[in-house]
Every structure is written in C-alpha cells, then in structure tokens.
Amino acid sequence: MKNPISRMAAAGLAAAWLAAAPAAPAADAGSCGKVILKPSEVTLHEDWRREAGASPSRGPRRVPPEDARRAVDAARADLDRALADAVRRAGCVAVRERGEGVAEITARATSLYWNAGAGSEPAIARSWSDRGAEAALAAEMRDSRRGTLLASVQERRETPRSPEPRFETPGAAAAAVSRLFESWAGDAVRELVAARDAPCAPPR
C-alpha cells in the first residue's frame, strides 16, 4: 500500500504570487497556469549496482559505472516524460521563459530500485519478486522569477504488488519504472497545484 503524499505549501507566499500573476484566458494559460519543467534528478538505491549486476550465469558482479549511468539516464527520461504528460493533463501550459505568474516544477527520484535492471538476465537477489520498482519521489513548485517555494510533495512509492512472485525480465522491470513514475506524476502535479492555490488560513 502506498504512503499518502505529504504536502507542504507556503500559503501566504503562494497567495501573494497568485495575486501578482496576470489574469489570462483559460485557453491561453490553462487551468493551472504556465509552468517551466526543470530537468528531473534521479539517483539509484545503494544496493542496485550490486544486486542488478548478479545473474545465474555470472554470479556476483557489480553493474559497471557506464551501465549505471545509462540506467539513470533512461529513468530520468521516463520521469521527465511522465511529468510532462501529467502537466498537460492538468491543464498547465509548459513554457521556457521565466516571467510573472510562471512557476517552475522540479521532480526527484532517489533510492530508485527495480529488478533485472542490467544485462539480458534477471538479477539473482530479487528475480522472483511481487513488486517491480520503488523509489522516494519528490517534487516542488517555485516562482520562476523569485525562487519562492509555492508548494512541495513527497512520498515513497512502489508499483502495485502482484498476487504472487513473478520472474522479472529487464523489459518488465523497465516498464515497471515507467508505470511507477506515471502513476506518481499525475498525483504529484494535482497536489502541487491544489497546495499552491489553497486559500490562506485567516490570522488568529
């Protein structure tokens, strides 16, 4: 069962940012406004290189650094793509230039682990598994001009567990990473926009 997303919104600053943002037709700026998508950040779980490099035919073997870099690059591309799709579905308009009323969104996946991530054979340590991928995921939204934090979300998430352990393959593992990012990105963008747009609590 996934952990609920934890939210943090700088309510007063977000409200001031919204007040300063120029009004625009929905067809132009979208229902959630204009956003700049910053490049995502991805780091692997500390055990991944050791466990993903082992196989029935090779035995213990760490994933070479160049293969690990390729794995990170592929995962980063998946996270960027998932975030871009989520932003579009939320009604945001992705832009490249900073400006008033333009927010920046940055996403991070840390301690990313998935089975059978390297080579053509499943890894020994977790080949038979009821889950495919897991990571600590976080995103934040900032004012593009001032760098003010408007909202942030974070959680640890894993792909839904299968009814019984399955023998993972590299292709299935890569698909699990994509599903993990896609399911999280949609929730994260909705939470960011809702937290940014939340009304300020009245002073006590």
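**Salt bridges, core and confidence in a predicted model**

By the rule that a side-chain nitrogen of Lys or Arg lies within 4 Å of a carboxyl oxygen of Asp or Glu, the count comes to 14 salt bridges. The structure is a predicted model, in which local features need pLDDT of at least 70 and side-chain atom pairs count only at pLDDT 80 or more, while totals for chains, interfaces and linings use all residues. Residues are numbered from 1 along each chain as its sequence is written, and side-chain values use heavy atoms, with hydrogens and water left out.

Confidence comes first. pLDDT is the predictor's confidence in each residue, from 0 to 100; the chain has a mean of 76, with 64% of its residues at 70 or more. Helices (H or I, at least four residues) and strands (E, at least two) are DSSP runs, numbered from the N terminus. Strand β2 (residues 34-37) has the highest confidence, at a mean of 96, and helix α2 (residues 26-29) the lowest, at 37. Over residues 122-126 the pLDDT is below 50, and this stretch has 23 contacts in the model beyond near neighbours in sequence, a contact being heavy atoms within 4.5 Å.

Some of the salt bridges can be followed along helix α4 (residues 65-89). As a general matter, side chains of opposite charge can pair when their charged atoms come close. D67 and R70 form a salt bridge at 2.2 Å, N to O; the two are 3 residues apart in helix α4, and so separated by about one helical turn. In terms of relative accessible area (buried under 20%, exposed over 50%, partly exposed in between, with a 1.4 Å probe and protein chains only), D67 is partly exposed at 27%, whereas R70 is exposed at 52%. D73 and R76, also 3 residues apart in helix α4, make a salt bridge whose closest N and O atoms are 2.9 Å apart. D73 is partly exposed at 43%, as is R76 at 26%.

Elsewhere, D197 pairs with R196 at 2.7 Å between the closest N and O atoms. R196 is buried, at 4%, while D197 is partly exposed, at 36%. Salt bridges with shared partners also link E100, D143, R145 and R146 in one network.

Two other residues of helix α4 are buried: A75, at 4% relative accessibility, and D78, at 16%. Beyond four places in sequence, A75 contacts V42, L112 and F181. The C-alpha atoms of A75 and S178 are 7.8 Å apart, although 103 residues separate the two in sequence. S178 is also among the contacts of D78, together with A174, V177 and F181.

The next topic is the nonpolar core, defined as a set of buried Ala, Val, Leu, Ile, Met, Phe, Trp, Tyr and Cys residues joined through side-chain atoms within 4.5 Å. The largest such core has 43 residues, of which W48, L112, W114, F181 and W184 touch the most other members. At least two residues each come from β3 (41-44), α4, β5, β7, β8 (149-158) and α5 (170-197), with α5 giving the most, 12 residues. Among the contacts of W184 beyond four places in sequence are L79, A107, L137, V153 and R157.

Two strand residues complete the account. E134, in strand β7 (residues 133-143), is buried at 11%, and its side chain makes a polar contact with that of R156 at 3.4 Å. A polar contact is a pair of N or O atoms within 3.5 Å; within protein, one must be able to donate a hydrogen and the other to accept it, and residues adjacent in sequence count only if both atoms are side-chain atoms. S111, in strand β5 (residues 102-114), is partly exposed at 29% and has a phi near 55 degrees, a positive value in a residue other than glycine.
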